[in-house]
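I opened a fresh page for this chain. My plan is to look up the fold, the core, the charged pairs and the surface, in that order.

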Amino acid sequence: MARIDLDLSGLVAARTSLQDAVAAQRAAERAVASLQAELDASLRNGDSPNVWGPIRERLAEATAGRASLVARRRELDARVDALADGLVRQRDPSLMVGSLDGHRPIALLPMRIETRYVPPVQPNAQTLPDRLRIRVYPDDLNTIEHEPALT
């Protein structure tokens, strides 16, 4: 099998940046949740605005910081996708399939396939062969949509 040499340094750097952004976003989300819990407790206790006012300001700052991290993560996601698509577009698909290593498994996601032979549509077409029709029903795992709620 022919080996395809790819320069993955840009993609590796982008993925590392993305992992750092994800970690920073999680930390920011924990900080926002902690400040929100602190503010809720202060309001439940009936504290004065002198007590919950600064908490609210810190919460607003943390929320703004989280929003900027979310935007940064989206940018990095788009960058990683663009770099990966660029790698794929540069190559001939038949060469890429031919370079797959037989010792490493690839994902073959489940699907249901139905086949049926259909006779020719023309009434006097005795010499024409039947046509094979194929229907492919992808499994729910193949869908790209994400449902955050429990199903």
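**Notebook: fold, core, charges, surface**

**Entry 1. Model and fold.** I note at the start that this is a predicted model. I looked up the secondary structure and got three helices and two strands. Reading along the sequence, I wrote down α-α-α-β-β. I then checked burial: of the 151 residues in the protein chain, 13% count as buried.

**Entry 2. The core.** Which residues make up the largest nonpolar core? I listed eight: Leu 11, Ala 14, Leu 18, Ala 21, Val 22, Leu 76, Val 80 and Leu 87. H1 and H2 are the elements that give two or more residues to this core. H1 provides the largest share, with five residues.

**Entry 3. Salt bridges.** I searched the whole structure and found three salt bridges. I took them one by one.

Arg 58 and Glu 38 came up as one of the pairs, with N to O at 3.3 Å. This bridge links distant parts of the chain: Arg 58 sits in helix H2 (residues 49-89) and Glu 38 in helix H1 (residues 9-44), 20 residues apart. I looked up accessibility for both side chains' residues. Arg 58 has a relative accessible area of 40% and is partly exposed. Glu 38 is partly exposed too, at 35%.

Next I went to Arg 72 and Glu 75. Their closest N and O atoms are 3.8 Å apart, and I logged the pair as a salt bridge. The cut-off is 4 Å, so the pair counts. Why are these two separated by about one helical turn? Because they are three residues apart in helix H2. Is Glu 75 buried or exposed? Glu 75 counts as exposed, since its relative accessibility is 51% and the limit is over 50%. Arg 72 is at 41%, so I filed it as partly exposed.

I then turned to Glu 114 and Arg 112. Their closest N and O atoms lie 3.2 Å apart in a salt bridge. Glu 114 shows a relative accessible area of 34%, which means partly exposed. Arg 112 reads 45% and is also partly exposed.

**Entry 4. Rings.** I searched the whole structure for aromatic pairs and got zero. I also asked what lies over the face of Tyr 137. The hit was Arg 112, at 4.1 Å from the ring centre. I had already logged Arg 112 in a salt bridge with Glu 114, so I put a cross-reference beside the two entries.

**Entry 5. Nonpolar surface.** Which residues form a nonpolar patch on the surface? I noted Met 111, Ile 113, Tyr 117, Leu 132, Ile 134 and Val 136. Together they have about 630 Å² of accessible area. I traced the patch back to its elements. Strand E1 (111-118) and strand E2 (131-138) each supply at least two of its residues.

I picked Leu 132 for a closer look. Leu 132 lies in strand E2. Its relative accessible area is 44%, so I marked it partly exposed. Patch members need over 30%, and Leu 132 therefore meets that limit.

**Entry 6. Recap.** I closed the page with two reminders. The largest nonpolar core draws two or more residues from each of H1 and H2. The nonpolar patch draws at least two residues from each of E1 and E2.

Conventions. Residues are numbered from 1 along each chain as its sequence is written. This is a predicted model: local features need pLDDT of at least 70, side-chain atom pairs count only at pLDDT 80 or more; totals for chains, interfaces and linings use all residues. Side-chain values use heavy atoms; hydrogens and water are left out. A salt bridge is a side-chain nitrogen of Lys or Arg within 4 Å of a carboxyl oxygen of Asp or Glu. Helices (H or I, at least four residues) and strands (E, at least two) are DSSP runs, numbered from the N terminus. Buried means under 20% relative accessible area, exposed over 50%, partly exposed in between (1.4 Å probe, protein chains only). Rings of Phe, Tyr and Trp (its six-membered ring) pair if their centres lie within 6.5 Å; planes under 30 degrees apart count as stacked, over 60 as edge-to-face and the rest as tilted. A charge sits over a ring if NZ of Lys or CZ of Arg is within 6 Å of the ring centre and within 35 degrees of the ring normal. Patches are made of residues with over 30% relative accessible area and no salt bridge: like charges are joined within 9 Å, nonpolar side chains (Val, Leu, Ile, Met, Phe, Trp, Tyr) within 5 Å. Accessible areas come from the Shrake-Rupley method with a 1.4 Å probe; for residues, only the protein chains shown count as cover. A nonpolar core is a set of buried Ala, Val, Leu, Ile, Met, Phe, Trp, Tyr and Cys residues joined through side-chain atoms within 4.5 Å.
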